[in-house]
Amino acid sequence: MKVDQYIPDYILNPNMAMPLIEVEGDKYIGTLYFPSLQIELRVMSSWSYPNLKKAPCLYSGSVYTGNAVIAAHNYTSHFGQLMRLAPADAVYFTDADGNVFSYEVVVQEVPEDLHRHRLVGPAPTACRIRHPRRTCPEV
């Protein structure tokens with residue numbers, strides 16, 4: 001007896017648009033979950049200053065092609081707690097179709113181009129994460 005194997009659409013077509021969920025008129029591509037921080041955040045489908053005030057936003061790329069960049073403020077309710085992450089901590093992204101993508105923190109760093117930003121509060125921290133099965137440039 002032959003059993004058909006389910007292959008998610010994003011594997012068959014990684015360049016496809018990410019599916020959306022609409023919540024209170026805003027469009028989201030999924031959620032980020034940081035187990036070590038016990039934080040789950042919705043991720044908006046597009047970046048803009050008004051959207052960035054509400055939630056983390058997809059700035060560029062796609063989770064499906066492995067080049068997603070997600071931006072957020074350092075508000076406590078956004079990425080303000082990321083400074084507590086450590087190398088090897090898990091990060092999960094679940095898309096609007098329920099597909100789960102696993103990542104791990106590689107390093108935390110303060111962006112070098114801080115002179116271009118007017119800072120209020122602590123300096124921004126960037127967490128470089130990588131998919132455990134993909135290679136990441138040495139830091």
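**Close-up views of the predicted model**

**View 1. W47 on the surface.** At a relative accessible area of 32%, W47 counts as partly exposed. This is a predicted model, so keep that in mind for every view here. W47 sits in the loop that links β3 to α2 (49-54). Together with Y49, Y59 and V69, W47 makes up a nonpolar patch on the surface, and the four residues have about 450 Å² of accessible area between them. As for the surface as a whole, the protein exposes about 9,300 Å², with carbon and sulfur atoms supplying 51% of it.

**View 2. The whole chain, before zooming in again.** There are two helices and eight strands in the protein. Reading from the N terminus, the order of elements is α-β-β-β-α-β-β-β-β-β. Out of 139 residues, 30% count as buried. Take the contacts with a separation of 6 or more: 41% of them are between residues 24 or more positions apart.

**View 3. Inside the largest nonpolar core.** Nonpolar side chains tend to be buried together in soluble globular proteins. Here the largest nonpolar core has 20 residues, and the members touching the most others are L32, F34, F93 and F101. Strands β2 (26-34), β3 (39-44), β6 (90-95) and β7 (100-109) each put at least two residues into this core. A separate core of six residues lies apart from it, and its members include M44, L52, A55 and A71.

**View 4. F93 and I29, far apart in sequence.** Which strand holds I29? I29 belongs to β2, and with a relative accessibility of just 2% it counts as buried. The C-alpha atoms of I29 and F93 are 9.6 Å apart, although 64 residues separate the two in sequence. Leaving out residues up to four places away in sequence, F93 touches a list of residues that includes M18, I29, L32, V43, V63, F101 and Y103. By the same count, the contacts of I29 include M18, P19, L20, V43, L58 and F93. That puts M18 and V43 on both lists.

**View 5. The β2-β3 hairpin.** β2 and β3 run antiparallel and are joined by six bridges. One pair to look for is T31 with its bridge partner R42 in β3. Four residues lie between the strands of this hairpin, and Q38 takes a positive phi near 60°.

**View 6. The β6-β7 hairpin.** This pair of strands is antiparallel too, with five bridges between β6 and β7. A90 has E104 in β7 as its bridge partner. The hairpin has four residues between its strands, and G98 in the turn shows a positive phi of about 90°.

**View 7. The K54-D26 salt bridge.** Side chains of opposite charge can pair when their charged atoms come close. How many salt bridges does the count come to? The count comes to one, and the partners are K54 and D26, whose side chains meet at 3.0 Å, N to O. K54 is part of helix α2 and D26 is part of strand β2, so this pair ties together parts that lie 28 residues apart in sequence. Are the two partners buried or partly exposed? K54 counts as partly exposed at 47% relative accessibility, whereas D26 is buried, with a relative accessible area of 15%.

Methods
Residues are numbered from 1 along each chain as its sequence is written. This is a predicted model: local features need pLDDT of at least 70, side-chain atom pairs count only at pLDDT 80 or more; totals for chains, interfaces and linings use all residues. Side-chain values use heavy atoms; hydrogens and water are left out. A nonpolar core is a set of buried Ala, Val, Leu, Ile, Met, Phe, Trp, Tyr and Cys residues joined through side-chain atoms within 4.5 Å. Buried means under 20% relative accessible area, exposed over 50%, partly exposed in between (1.4 Å probe, protein chains only). Contact means heavy atoms within 4.5 Å. Accessible areas come from the Shrake-Rupley method with a 1.4 Å probe; for residues, only the protein chains shown count as cover. Patches are made of residues with over 30% relative accessible area and no salt bridge: like charges are joined within 9 Å, nonpolar side chains (Val, Leu, Ile, Met, Phe, Trp, Tyr) within 5 Å. Two strands pair if DSSP finds at least two bridges between them.
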